[in-house]
Every structure is written in structure tokens, then in C-alpha cells.
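Colleague: Got a minute to walk me through this one? I have some quick questions.

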Amino acid sequence: MSDEDLDAIPGWFDAIDRELFRWFLGSGREISGPGHLVELGSYMGQSAVLIGDHLQDGETFTIIDLFEAPADDEANSQENSESYAGLSRQAFERYYRGVHPALPTVVQDFSERIVDHVEAASTRFMHVDASHLYEHVVLDIAAAKRLLATDGVVVFDDFRSGHTPGVAAAVWSAVATEGLRPIVVSPNKLYATWGEPAPYIDGVATTSPWWTSEVQDVSGGRLLILSPRAHETYRWIKYLPPAAVPGAKKARARLAALTRR
Ligand SMILES: C[S@@+](CC[C@H](N)C(=O)[O-])C[C@H]1O[C@@H](n2cnc3c(N)ncnc32)[C@H](O)[C@@H]1O
């Protein structure tokens, strides 16, 4: 799965997180063991196609999204109409089939209903990226806790973005009171487990072409903090419409290459 394949799909999936997903879904499987793959909130499929690339025999990949269906509260409806105009299940499926011959199991429903479609304690990797509102993320965390295998990994998007305080509140509350144990944070995502984080923390590369790192003690455990190298400072991209993101990233990379010379 090349970055060009991913860039052809609208979305906001950063270089650091692409590499971390590849590591957790590939090498990380030796720590988690086999298990199912789950995504809550897929939009046009940019992160889903990468997750689907790591599906192995005997495992399933299930995604759940409202797509064009209405939300059942005002705040969630507003969130979706403002951020995901033009989204449809058909568009997701078209993009996914552009990369993979077979679709994952696609469920069009509220994210917390994932528990009706995946067996409890069976999941090795779950990406939580549906509604970013506190009440919804709390339910998604409860679903993740139920579905993850012992050493399964859950990834939360936008856990520290200025426009999504509800994700931060829900995620750190789960760390404080629900036994969730952080592994690593990138600028946009927090990777965590209800199992033992140490083998993952020790396995993630401390430096790479995309990041530098430091370790801090947080809430009684080690936390690996990844910072982008200068040419990967893409946080402003969160505020662009998705169709504009690939072009903006290319322009930023070209500019960075010129200024490095
Ligand atoms: C940030 S986008 C997902 C981006 C995608 N993971 C990617 O990296 O390209 C959030 C998605 O969550 C969906 N969504 C919003 N609220 C939802 C809810 N309550 N239940 C299920 N899906 C929801 C939206 O339709 C949208 O497709």
C-alpha cells in the first residue's frame, strides 16, 4: 500500500500515523497475536484501506460509519454536515475497491453499535475516528474495551486537537478511571491498550525519517511521545476541506525540500 494510493483518497491521515499503523498492524501483531480489525468512522476510506492491507487469513475487518444517514442528535448532525459534506457509502466503497478487490464488512450505523457486529475480546487493532463529541467517544471507548483482545491496540484520532476537546476529555478519563494504558502519542493520535504497553513502547522506533521521540512518565506509566521532523508539521491541514489535503501536502513537502537546500 503506497502513499500515492493513500493520497488519491480524500482524508487527513498524516505520515507519522501511516507509519505507526503499518508498524502496529505488521510487527505489532507479534505482540497482540492474531485478531480482528475494526474501524469506527471511515469517511472515504483513507485509513481503512491501509488497515485492510494488513488483514490476514482467519481475521475479519469491520468498519462502521453513518455515511449519509442522519445522526440522532443536533451536535452530531452539525459535526457531520460541516465536516463530511458529500460523503456517501457508495463513495467509500468505490475508493476502497480502487485499492482492494474485496470490501471489508461495512456497517452503516452509529459507531457504538459495533458491539453487535464483532465478537467480544477478539480484536487486535481498532481505530476510533467517528464522532469527536464527548458523549459519543465515551460510548466508543466502552465498545473498544469490550471488543479488544487482551493485548489489542486502540487508536484515538484528534485526542489533542484544539477543536475536539471532547475526545481529550473522554480518552484521558479512560486512562484515569478505566485502566486504559497509553503507548505512544503522535501529533494527532493516541495509541493505547488495556493490556501490557511495554512491549509496544520498546518496539516502536525511537527515531525515523518522520519523527523524533522522548519518553515521559504519565499517570504511572511510560509514554512515548513522537514529534514530527520539521517538514511534517501538518497540523494546519486539519482545517482544510479533505479534497484540498493531498495537494497542500505536496506543496508543503516541495517547499520544505527547497528550504532545506
Ligand atoms: C474523521 S472522519 C473519519 C476519517 C477516516 N478514519 C480517515 O482517516 O480517512 C469521521 C467519520 O465518522 C462518521 N461519523 C460521525 N459521527 C458518527 C457516529 N455517531 N456514528 C458513526 N459514524 C459517525 C462520519 O460520517 C465520518 O465519515
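Colleague: Is Ala8 buried or exposed?

Modeller: Ala8 counts as exposed, at 54% relative accessibility. One caution before we go on: this is a predicted model.

Colleague: Noted. Where does Ala8 sit?

Modeller: Ala8 is in the loop between helix H1 (3-7) and H2.

Colleague: And how far apart are Ala8 and Tyr200?

Modeller: Along the sequence, 192 residues separate them. In space, their C-alpha atoms are 30 Å apart.

Colleague: Let's zoom out. How many helices and strands are in the chain?

Modeller: The chain has 10 helices and 9 strands. Its radius of gyration is 17 Å, and the globule rule gives 18 Å for 261 residues, so the chain is as compact as a globular protein of that length.

Colleague: What does the C-alpha trace span along its principal axes?

Modeller: About 55 × 45 × 40 Å.

Colleague: What share of the residues is buried?

Modeller: Buried residues are 52% of the 261 in the chain. About 11600 Å² is exposed, and carbon and sulfur atoms supply 52% of that area.

Colleague: What about contacts between residues 24 or more positions apart?

Modeller: They make up 70% of the contacts with a separation of 6 or more.

Colleague: And charges? How many positive and negative side chains are there?

Modeller: There are 23 positive and 36 negative side chains. The centres of the two sets lie 7 Å apart.

Colleague: Now the inside. How many residues are in the largest nonpolar core?

Modeller: That core has 36 residues. Leu20, Phe21, Phe24 and Phe125 have the most contacts inside it.

Colleague: Which elements give two or more residues to it?

Modeller: Among the helices, H2 (15-25), H4 (46-52), H6 (89-97) and H9 (198-203) do. Strands S2 (61-65), S5 (148-157), S6 (181-185) and S9 (221-228) do too.

Colleague: Which one gives the most?

Modeller: H2, with 6 residues.

Colleague: How many of the residues of H2 are buried?

Modeller: 11 of its 11 residues. The buried ones include Asp17, Arg18, Glu19 and Arg22, along with Leu20, Phe21 and Phe24.

Colleague: What does Phe24 touch further along the sequence?

Modeller: Leaving out residues up to four places away, Phe24 touches Arg29, Phe125, Val153, Ile183, Val184, Tyr191, Tyr200 and Val204.

Colleague: Phe125 again. Where is Phe125 found?

Modeller: Phe125 is in strand S4 (residues 123-128). Phe125 has a relative accessible area of 1%, so it is buried. Beyond four places in sequence, its contacts include Phe21, Phe24, Leu25, Ile51, Val153 and Val155.

Colleague: How far is Phe125 from Ser208?

Modeller: They are 22 Å apart, C-alpha to C-alpha, and 83 residues apart in sequence.

Colleague: What about the other core, how many residues does that have?

Modeller: The other core has 29 residues and lies apart from the largest one. Among its members are Ile141, Val175, Leu190 and Ile225.

Colleague: New topic: backbone angles. What is the phi of Tyr43?

Modeller: Positive, about 50 degrees, although Tyr43 is not a glycine. Tyr43 is in the loop between strand S1 (36-40) and H4. Its relative accessible area is 9%, so Tyr43 is buried.

Colleague: And what is the phi of Asp158?

Modeller: Near 55 degrees, again positive in a residue other than glycine. Asp158 lies in the loop between S5 and helix H8 (165-177).

Colleague: Why does Asp158 count as buried?

Modeller: Because the relative accessible area of Asp158 is 4%, and buried means under 20%.

Colleague: Two more. Is Gln46 buried or exposed?

Modeller: Gln46 is buried, at 6% relative accessibility. Gln46 is in helix H4. Beyond four places in sequence, it touches Leu6, Asp7, Ile9, Pro10, Gly11, Trp12, Phe13 and Arg18.

Colleague: Last one: where is Asn76, and what does Asn76 touch?

Modeller: Asn76 is in helix H5 (residues 74-83). Not counting residues up to four places away, Asn76 touches Leu66, Ala71, Ser131, Leu133 and His136. Asn76 is buried too, with a relative accessible area of 3%.

Key:
Residues numbered from 1 in each chain as written. Predicted model: local features only at pLDDT ≥ 70, side-chain atom pairs only at ≥ 80, totals over all residues. Heavy atoms only, no water. Helix = DSSP H or I, 4+ residues; strand = E, 2+ residues; numbered from the N terminus. Rg over C-alpha atoms; globule rule 2.2 N^0.38 Å. Buried < 20%, exposed > 50% of the residue type's maximum accessible area, 1.4 Å probe, protein only. Contact = heavy atoms within 4.5 Å. Areas by Shrake-Rupley, 256 points an atom, 1.4 Å probe, with all protein chains shown as cover. Lys, Arg positive; Asp, Glu negative; His and termini not counted. Charge placed at Lys NZ, Arg CZ, Asp CG, Glu CD. Core = buried A, V, L, I, M, F, W, Y, C linked by side-chain atoms within 4.5 Å.
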